[in-house]
Amino acid sequence: MSEASYRLRGDVFRAGRDPENDLVIEGPEAAIVSSRHMEIRRAANTFRLVDLDSTNGTYLDGQRVSEALLQNHALITLGPGGPEFQFELEAASETDLNQTLRLLVTHSQLPAQPAGQVSIVVPASPTGKQDELLKEAVKRARQARRSGIGGQTSIIMRDMLDKALHRSSRKFKITIGALVFALVGVTAYAGWTIHNLKQQKTRIDVEINQVETELQSAGDDPKRVDELLEKLNGYQQQALTMQKTLLYRLGVRNEEQDFVESEIRALLKEFGAEEYSVSKEFAEQVRRFIGQYQERDRAHMERALGRSRKELEAVRRQLEADKLPPDLAYMALVESAFIGGSTSSVGAAGLWQFTPTTAKAYGLKVGGGVDERLDARKSTAAAGRYIRELILDFGSGSSVMLALAAYNSGPGKVKRAIRTVADPIKQRDFWYLYRTKALPPETREYIPKTIGVIIIGRHPARFGFS
């Protein structure tokens, strides 16, 4: 892990996923960060934190805020459990203050910055009482834990010990020695627990893979499929409970390597359809469509990331304004390849491929020589209203995934698929419908295709797009 610093220069400092921000958030944690998430505004000798109507909110010392005054050492979090920043005022002199945002990140999460814009902060040596050292150590350790960072506690404590032993009395050194002894004990216990968690994870993963394999060969036997899905759900619940433990997050989760699956999980979490183990078939479909857009349909992706980039960003802003996940903008790429005048064989037209009936239902004029489906701004506003209504219509849980399905095949077909399920508790679970093949084949492809395109859009360079 690294501790990077970003110095505030000028009167406004903005953070978010958009490349135009002063601080660009990338990597897995970017899933819950908005394009323009928050900004810090300087006014005379004060600083204010302002949330820019982000989807998942901005938190100051654990409390969600719209706007608030920043105090020294304030902790800023983008979304619940998202990236954390520490706001610091470092006195260079009585009349000159350097304002610093401190962020704990991995090397892969560090955004590219021009030379001179990133610096490492070395805190000044304490000049007060000795217990200030312990307070600083505890504070830094807590911040590291909240950020989900393993291995930082011992580093922080060693740093504090080094400072203390050079300026402490014999009595205080004895106290520090006791602290070291306790720390060794805690570390040993943590290591033993993490080892057990790894073994538990391995066992659960083997069981889940076995059930997934049996599901593939269960065919059209509904009773057998239900039995296997009940077993799978049990293992999923065990795994999700295990994932919530602090030591799992510190010592096990960071060893998971598959990039595409980790991105799928991040999106599912954002969409309210989180799963411990993503369906093998679903993950394979996502990889297949990623490959398709790297090769056969590469021109479509290049258009969206190139000459249609401004249009894509405009769609993202509109969806974000509608309190919808902005990455759903990539649905337009799947629908029309960002060719605004495209028309399908069934009469769907425009960026969002609205049929005349659906377009009229959501306020677009079609007929009499006017077709507002071809107006990117108006059709995107209508699409936002339609998607929002679909999400509300399918309720909580995996409603975003069901809304994607309904956008492709129509809400009527998805509702009919839901009603084929005998158990009402399962009726609105996307993964149950997906694994039982209750959704139409085209829709079962449409959703992983959209997820694959979003993943490429989030990490274009990784998939060969400049």
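**Exercise 1. In the predicted model, identify the bridge partner of Arg41 in strand 5, and describe how the strands around it are arranged in the sheet.**

*Solution.*

Step 1. Arg41 is paired with Arg48 of strand 5.

Step 2. The pairing extends beyond these two residues: strand 4 (residues 38–43) and strand 5 are antiparallel and are joined by six bridges.

Step 3. The connection between strand 4 and strand 5 is a hairpin with two residues between them. Ala44, in the turn, has a positive phi of about 60°.

Step 4. Strand 5 (residues 46–51) also runs antiparallel to strand 8, to which three bridges join it. Arg48 stands opposite Leu69 in strand 8, and Leu49 stands opposite Ala68 in strand 8.

Step 5. The strands belong to an open sheet of five strands, with the order 3-2-4-5-8 and mixed pairing. Strand 3 (23–24) and strand 8 (67–69) each have a single partner strand and stand at the edges, so one side of each has no neighbour in the sheet.

**Exercise 2. Determine how helix 13 and helix 16 are oriented to each other, and which residues make the contact.**

*Solution.*

Step 1. Helix 13 (residues 399–409) packs with helix 16 (residues 441–458) at an angle of about 125°, and their axes are 9 Å apart.

Step 2. An angle counts as oblique when it falls outside the ranges under 35, 65 to 115 and over 145 degrees. Helix 13 and helix 16 are therefore oblique to each other.

Step 3. The crossing of helix 13 and helix 16 is right-handed.

Step 4. Helix 13 contributes Met401, Leu404, Ala405, Tyr407, Asn408 and Ser409 to the contact, and helix 16 contributes Glu442, Thr443, Tyr446 and Ile447. By character, the residues of this contact are six nonpolar, three polar and one charged.

**Exercise 3. Carry out the corresponding analysis for helix 7 and helix 16, and then place Ile455 of helix 16 in its surroundings.**

*Solution.*

Step 1. The axes of helix 7 (residues 280–294) and helix 16 are 8 Å apart, and the angle at which these helices pack is about 60°. Helix 7 is therefore oblique to helix 16.

Step 2. This crossing of helix 7 and helix 16 is right-handed.

Step 3. From helix 7, the contact includes Glu281, Phe282, Val286, Phe289 and Ile290. Among the helix 16 residues that they meet are Arg444, Ile447, Ile451, Ile455 and Ile456.

Step 4. The residues of the contact of helix 7 with helix 16 comprise eleven nonpolar, three polar and five charged.

Step 5. Ile455 lies in helix 16. Its relative accessible area is 0%, so Ile455 is buried.

Step 6. Apart from residues up to four places away in sequence, Ile455 touches Phe259, Val260, Glu263, Ile264, Leu267, Val286, Ile290 and Phe463. Leu267 is 188 residues from Ile455 along the chain, and their C-alpha atoms are separated by 8.7 Å.

**Exercise 4. Decide whether Leu328 is buried or exposed, and state where it lies and what it contacts.**

*Solution.*

Step 1. Leu328 is in the loop between helix 9 (309–321) and helix 10 (330–336).

Step 2. Buried residues have under 20% relative accessible area. Leu328 counts as buried because its relative accessibility is 1%.

Step 3. Neighbours within four places in sequence aside, Leu328 is in contact with Phe271, Leu319, Trp352, Ile387 and Leu404.

Step 4. Leu328 and Val400 are 72 residues apart along the chain, with their C-alpha atoms separated by 9.9 Å.

**Exercise 5. Identify the buried residues of helix 8 and the helices against which they pack, and then describe the chain as a whole.**

*Solution.*

Step 1. In helix 8 (residues 298–305), the buried residues are Met301, Arg303, Ala304 and Leu305.

Step 2. These buried residues of helix 8 pack against helix 7, helix 9, helix 10 and helix 16.

Step 3. The chain contains 16 helices and 14 strands. Of its 466 residues, 48% are buried.

Step 4. Of the contacts in the chain between residues at least 6 apart in sequence, 56% join residues at least 24 apart.

How values were computed:
Residues are numbered from 1 along each chain as its sequence is written. This is a predicted model: local features need pLDDT of at least 70, side-chain atom pairs count only at pLDDT 80 or more; totals for chains, interfaces and linings use all residues. Side-chain values use heavy atoms; hydrogens and water are left out. Helices (H or I, at least four residues) and strands (E, at least two) are DSSP runs, numbered from the N terminus. Buried means under 20% relative accessible area, exposed over 50%, partly exposed in between (1.4 Å probe, protein chains only). Contact means heavy atoms within 4.5 Å. Axes are lines fitted to C-alpha atoms, for helices over the stretch in contact, and angles run from 0 to 180 degrees between N-to-C directions. A crossing is left-handed if the near helix is turned anticlockwise from the far one by less than a right angle, and right-handed if clockwise. Ala, Val, Leu, Ile, Met, Phe, Trp, Tyr, Cys and Pro count as nonpolar, Asp, Glu, Lys and Arg as charged, and the others, Gly among them, as polar. Two strands pair if DSSP finds at least two bridges between them.
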